[in-house]
Amino acid sequence: MAADTPVEYIKHHLQNLTYGKLPEGYERADGSLVEEASWTFARTAGEASDMGFMAFHVDTLGWSIFMGILFLGLFRFVATRATDDTPGGLQNFVEMVFEFVEGIVRDGFNGRNPLIAPLALTMFVWIFLMNSLKLIPVDYIPSIAHAMGLEYFKIVPTTDPNGTFGISIGVFLLIIFYSIKVKGPGGFLHELSFTPFNHWSLIPFNLFLELLVLIVKPISLALRLFGNMYAGEVVFILIAILPLWVQWTLSVPWAIFHILVVTLQAFIFTTLAVVYLSAAHEHHGQL
């Protein structure tokens with residue numbers, strides 16, 4: 001995992017463990033040729049790029065699933081042992097999270113849907129747990145992975161746009177689903193056609209504007225979360241290439257500050273998702 005220069009070190013730590021298909025006759029980094037098209041792990045960033053759209057970021061998928069299982073296991077553990085008499089610290093913490101997310105839903109969602117509160121809780125805790133992986137020193141897990149023969153290994157799913165877009169696209173599909181379910185196909189089309197200008201002659205302009213706003217919602221959700229987490233990751237990596245005494249001087253304050261960032265980004269994503277879903281449940285007057 002050693003890098004000759006700081007630039008190579010940074011590029012190495014920002015590269016995902018990629019599994020994809022290389023075409024027949026492809027020349028790999030070690031000079032060998034792929035005899036027939038096959039699925040394999042990328043050995044270089046160039047190979048990962050050449051695998052194309054259908055390649056998988058195994059580290060992003062693995063850590064996302066692991067954090068999801070951790071969330072479900074932790075909350076199930078607390079739920080099965082919850083007591084009103086002498087609640088422990090973990091139960092108190094989970095109840096605080098419940099109340100916090102309940103406040104987000106109460107303030108941001110105006111409709112009635114029993115799915116929204118559990119969905120908001122899942123998004124907030126899941127994103128928070130994934131973001132929290134950033135607080136692990138940047139060389140620890142990649143060093144273990146390198147010892148296991150894995151050249152690249154990132155552990156923060158939210159520093160990968162594939163991870164953040166995966167969540168935001170899920171929210172987008174729910175927006176479309178509830179917009180059609182609550183308002184009906186005709187009501188949803190009417191809303192797109194007569195908002196913001198309620199006149200038939202401006203339907204093309206309204207459709208262009210409203211469809212653009214609709215598409216921008218998942219893009220803004222994904223890129224906001226990715227941008228903040230990726231920038232923080234780059235700073236941690238830059239600190240890691242400094243002399244040891246400087247690392248301790250900078251990394252601890254930056255890690256403490258990032259505890260706030262980790263929580264804030266989970267809160268912003270969840271709040272915006274709830275607001276968008278609330279708009280999908282609102283009826284607008286028709287002509």
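The largest cavity in this structure has a volume of about 90 Å³. Keep in mind that this is a predicted model. Searching the whole structure turns up 1 cavity of 30 Å³ or more. There are pockets to look at too: the largest holds about 570 Å³ of space, and the second largest about 380 Å³.

**The cavity**

- The lining of the largest cavity includes a run of neighbours in numbering, among them Phe 153, Lys 154, Ile 155 and Val 156.
- Leu 133, Lys 134, Ile 136, Pro 137, Val 138 and Pro 142 also line the largest cavity, along with His 13 and Glu 233.
- Sorted by class, that lining comes to 8 nonpolar, 1 polar and 3 charged residues.

**The largest pocket**

- This one takes up about 570 Å³, and of its 24 lining residues, Ala 55, His 57, Asp 160, Asn 162 and Gly 163 are the closest to the centre.
- Which elements each supply at least two residues of the lining of the largest pocket? They are α2 (45-50), β3, α3 (58-80), α5 (116-132) and α7 (161-193).
- Helix α7 gives the largest share of that lining, with 6 residues.
- The class split here is 13 nonpolar, 10 polar and 1 charged.

**The second largest pocket**

- About 380 Å³ of space sits in this pocket, with 16 lining residues, of which Pro 137, Val 138, Tyr 140, Gln 247 and Ser 251 are the closest to its centre.
- Pro 137 and Val 138 turn up again here, having already appeared in the lining of the largest cavity.
- Helices α8 (203-240) and α9 (244-280) each put at least two residues into this lining, and α9 gives the most, with 6 residues.
- By class, the residues of this lining are 12 nonpolar, 2 polar and 2 charged.

**The sheet**

- There's an open sheet of 3 strands, in the order β2-β1-β3, with antiparallel pairing.
- Why is one side of β2 and of β3 left without a neighbour in the sheet? Both β2 (38-41) and β3 (56-57) stand at the edges and have a single partner strand each, so one side of each is left without a neighbour in the sheet.
- Strand β1 (residues 18-22) pairs with β3 in the antiparallel sense, over 2 bridges.
- Opposite Thr 18 you'll find His 57 in β3.
- That links back to the largest pocket: His 57 is one of the residues closest to its centre, and β3 supplies at least two residues of its lining.

Note on methods:
Residues numbered from 1 in each chain as written. Predicted model: local features only at pLDDT ≥ 70, side-chain atom pairs only at ≥ 80, totals over all residues. Heavy atoms only, no water. Pairing = 2+ DSSP bridges. Helix = DSSP H or I, 4+ residues; strand = E, 2+ residues; numbered from the N terminus. 1 Å grid on protein atoms, 1.4 Å probe; cavity = no way out; pocket = protein on both sides within 12 Å on 5 of 7 lines; lining within 4 Å. Points joined across faces, edges and corners; volume = space filled by probe spheres on them. Nonpolar A, V, L, I, M, F, W, Y, C, P; charged D, E, K, R; others polar.
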